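Student: I've got a new model open and I'd like to talk it through. Can you put it up so we're looking at the same thing?

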Amino acid sequence: MEYTRLGSTGLQVSRVCLGMMSYGSPSWREWVLDLDASRPLVRSAVDAGITFFDTADVYSLGVSEEVTGTLLREFFPRREDYVLATKVFSTMSDRPNDRGLSRKHILASIDDSLTRLGTDHVDLYQIHRWDPETPIEETMEALHDVVRAGKARYIGASSMFAWQFAKAQSTADLAGWTRFVSMQDHYNLIYREEEREMHPLCLDQGVGAIPWSPLARGRLARVPEERTTTRSSSDPIADRMYTEADDAVVRAVAEVAKARGLSMAQVALAWMLHKEAVTAPIVGATKPGHVEDAVAAVDIELSDDEIAALEAPYVPHPILGHG
């Protein structure tokens, strides 16, 4: 495993981040694994050198944070040995203030998350989306107070427009508040719209990109006729985000993988790891091979011709993933 700084910070993270959305309660999503089923997969990630773990309060409505905290305490002797990230924004109940990025919700949510995670701080506290109903000044000041209280070491953001991210950073700068150090955005070989504005902004501002869905919800890991997993057969979100026009990219991945004797997932992740803006893709793992593919991708060097072949069939998309 390789390690690198998160953006321009001094924080060292593994080049692969394990996404913990897959671990929690199957009653939330049928493909989610419970604590006992999650344990060997997280164990294999730890054994492979992964030290960066990302969850959110909304995943399994808190159970993912409970599972994440339990397993990381089992596998790491010291809290300082891993980097823990979680998020705030999504609706947690039918109570009117149990959602969004108001000061009230942020300050309540960080305490709830820390309780579920069983720790006194997270390393990276992220806003899960942009909140159009809350002034960005209110949000940034509340996040600054979370950091000043020692409950988070850094703050990050997730999918939004580049102008919104720039506005948030400018707001923090003008007031002397904590800036975002990471952007968790939707990015993969099928969806590359982030290359237009968001990633250049991140490079300019010293922000590390930690993309979600680097395998396009599994589409980049298998050819179209082999999409038979529980998640792929019951994933209406993916059906809205990706279309048959994207299959040309998938087949390009398959061709490069076959020529190199690699898996498709390894090729797709290796491509992403070549991108200057990307610090660490967030990969989900519900089977042992998923972790192995992600770790192996770190050491794969793609040629310029291979990268060109992978990128050539790309079809521009409308903005996806901000909702």
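Student: Among contacts between residues at least 6 apart in sequence, what share joins residues at least 24 apart?

Tutor: Keep in mind that this is a predicted model. Start with the contacts in the protein chain between residues at least 6 apart in sequence, then keep those that join residues at least 24 apart. That share is 78%.

Student: What does the radius of gyration say about how compact the chain is?

Tutor: Let's count elements before we get to that: the chain has eleven helices and ten strands. The globule rule gives 20 Å for 323 residues and the radius of gyration is close to that, so the chain is as compact as a globular protein of that length. Along its principal axes, the C-alpha trace spans about 55 × 40 × 40 Å. The radius of gyration itself is 19 Å.

Student: How much of the chain is buried?

Tutor: On the outside, the chain exposes about 13400 Å², and carbon and sulfur atoms supply 50% of that. For burial, the cut-off is under 20% relative accessible area. Of the 323 residues, the buried part is 58%.

Student: And the charges: how far apart are the centres of the positive and negative sets?

Tutor: There are 33 positive side chains and 48 negative ones. Take the centre of each set, and the distance between the two centres is 3 Å.

Student: Which strands stand at the edges of the sheet?

Tutor: The open sheet has eight strands with parallel pairing, in the order β9-β8-β7-β6-β5-β4-β3-β10. The two at the edges each have a single partner strand, so one side of each is left without a neighbour in the sheet. They are β9 (208–209) and β10 (282–283).

Student: Which residue in β10 is the bridge partner of C17?

Tutor: Strand β3 covers residues 17–19. It runs parallel to β10, and two bridges join them. The bridge partner of C17 in β10 is I282.

Student: Moving inward, which residues of β5 point one way and which the other?

Tutor: In general, side chains in a regular strand alternate between the two faces of the sheet. In β5, six of six residues are buried, so burial applies to both of the sets listed here. One set is V83, A85 and K87, and the other is L84, T86 and V88.

Student: What are the bridge partners of β5 on the two sides, starting with the residue opposite V83?

Tutor: β4 and β5 pair in the parallel sense over three bridges, with F52 opposite V83. Four bridges join β5 (residues 83–88) to β6, also in parallel. β6 (residues 122–127) has six of its six residues buried, so it is largely enclosed by the rest of the structure. The partners, then, are F52 for V83 and, in β6, I127 for V88.

Student: What covers the buried residues of α9?

Tutor: Ten of the ten residues in α9 (residues 264–273) are buried, and W271 and M272 are among them. The cover includes one strand and several helices. Those named are β10, α8 (247–260), α10 (288–297) and α11 (304–311).

Student: Is E301 buried or exposed?

Tutor: E301 lies in the loop between α10 and α11. Leaving out residues up to four places away in sequence, it touches R260, H274 and E306. Its C-alpha is 9.3 Å from that of V267, 34 residues away in sequence. With a relative accessibility of 59%, E301 counts as exposed.

Student: What is the phi of L61 near?

Tutor: Most residues other than glycine have a negative phi. L61 goes the other way, with a positive value. It lies in the loop between β4 (52–54) and α2 (63–75) and is partly exposed, at 49% relative accessible area. Its phi is near 50°.

Student: Where is S213, which also has a positive phi?

Tutor: S213 is not a glycine, yet its phi is about 55°. At 13% relative accessibility, S213 counts as buried. Its place is the loop between β9 and α7 (236–241).

Student: Last one: which residues is W28 in contact with, beyond its neighbours within four places in sequence?

Tutor: W28 sits in the loop between β3 and α1 (35–47). From D145, 117 residues away in sequence, it is 32 Å apart in space, C-alpha to C-alpha. Its contacts are M21, V58, Y59, S60 and L61.

Key
Residues are numbered from 1 along each chain as its sequence is written. This is a predicted model: local features need pLDDT of at least 70, side-chain atom pairs count only at pLDDT 80 or more; totals for chains, interfaces and linings use all residues. Side-chain values use heavy atoms; hydrogens and water are left out. The radius of gyration is taken over C-alpha atoms; the globule rule is 2.2 Å times the number of residues to the power 0.38. Buried means under 20% relative accessible area, exposed over 50%, partly exposed in between (1.4 Å probe, protein chains only). Contact means heavy atoms within 4.5 Å. Accessible areas come from the Shrake-Rupley method with a 1.4 Å probe; for residues, only the protein chains shown count as cover. Lys and Arg count as positive and Asp and Glu as negative; His and the chain ends are not counted. The place of a charge is taken as NZ of Lys, CZ of Arg, CG of Asp or CD of Glu. Two strands pair if DSSP finds at least two bridges between them.
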